[in-house]
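Let's take a walk through this one together. Pull up the model and keep the sequence to hand.

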Amino acid sequence: MVRRWAAPVLRLEMPRGVGSAAAIMLVIASFGYGLVRGGHMPMIADEIQDLCDGAANAVGFRVASVALSGEKQLTREDIFKLAGITDRTSLVFVNAAAMRARLKASPWVADATVLKLYPDRLQIHITEREAFALWQRDGLVSVISIDGIVLEPFVPQRFRTLPLVVGRGAEHEARDFLHLVADYPDIAENVRAFVLVAERRWNLYLKNGIEVRLPESGVSQALATLVTLDHDKKLLSRDIAAVDLRLQDRVVVRLSDAAAAARAEALKEKDKKPKRKGSDA
């Protein structure tokens, strides 16, 4: 049975050169596998791109000028690096869609337009995100945009005056809350930090050290109450540590340690004084 089934295979005559071709294909496959596993493909792709650019430049398609617009925080060198433009880039082999994608990979770039103008000009327009606030989480401070994207993982000197928001989720909730607080400029201009508590409500830390605890809902009403109390009673100028506005029917004020100690001492002295009898009045 084995001889009967194997006979057609044994009688099969392979064309000349099949073995050599198979060996060559095996070598090529092994070489390609080694390139992929060794991480050499990007380098080879760059070499091929460089050869193509060189050939196109030789016939007059070198990018001679690049017109940039829209850049504010990014420099011309930053944009060239992001786009992959070098002194050997040829217009023929510029992939506008891929260049636009590389530009948008930067957190600073909200949108980008790339236009090829033959024979040797390139036009790039970018729309940058604006720095909106500083965001602190786990002890690290970053620069964020209005939509919560981290623009810089550190704080350059030019951004140190931006408002500071703190806590998990604060980068996404800050836009609406800061706009709300801005309606009360007497409060907004004295805030040192806006702290999101448990991703549910906000506390304000004022520049004079007072902590203002706001409710989850009715924030506008709470801020209006705070402004009225400060205007009528000079509340935020007193020696206090915290103002709690989370209860709708009352405002709770906590004295500073020094003020609390002074008050306790005053009460103690008052208790020491002997009471006068009614006949001595």
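What follows looks at a helix, then at an aromatic cluster, then at an arginine in a loop.

Bear in mind that this is a predicted model. Start with helix H6, which covers residues 170–181. Its buried residues are Ala170, Glu171, Ala174, Phe177, Leu178 and Val181. Look down the axis of H6 and these buried residues fall within an arc of 105°, so they line one face of the helix. That spacing fits a general pattern: an α-helix has 3.6 residues a turn, so residues three or four places apart point the same way. Flip to the face of H6 turned away from the buried side, and you'll find the exposed residues His172 and Asp176.

Now stay with Phe177, which is buried at a relative accessible area of 6%. The ring of Phe177 pairs edge-to-face with that of Phe194, at 6.1 Å centre to centre and 80° between the planes. Phe177 sits in helix H6 and Phe194 in strand E8 (residues 191–197), so the pair ties together parts that are 17 residues apart in sequence. Phe194 is buried too, with a relative accessible area of 6%. Add Trp202 and you have one aromatic cluster made of Phe177, Phe194 and Trp202.

Next, hop over to Arg129, in the loop between strand E3 (121–128) and strand E4 (131–137). What does its side chain reach at 2.7 Å? That's the backbone oxygen of Pro107. A polar atom of the Arg129 side chain also lies 3.2 Å from the backbone oxygen of Val109. Beyond its neighbours within four places in sequence, Arg129 has further contacts, including Trp108, Ser145, Asp147 and Leu151.

Key: Residues numbered from 1 in each chain as written. Predicted model: local features only at pLDDT ≥ 70, side-chain atom pairs only at ≥ 80, totals over all residues. Heavy atoms only, no water. Buried < 20%, exposed > 50% of the residue type's maximum accessible area, 1.4 Å probe, protein only. Helix = DSSP H or I, 4+ residues; strand = E, 2+ residues; numbered from the N terminus. Arc of directions from axis to C-beta. Phe/Tyr/Trp six-rings, centres within 6.5 Å; stacked < 30°, edge-to-face > 60°. Contact = heavy atoms within 4.5 Å. Polar contact = N/O pair within 3.5 Å; in protein donor to acceptor, adjacent residues only side chain to side chain.
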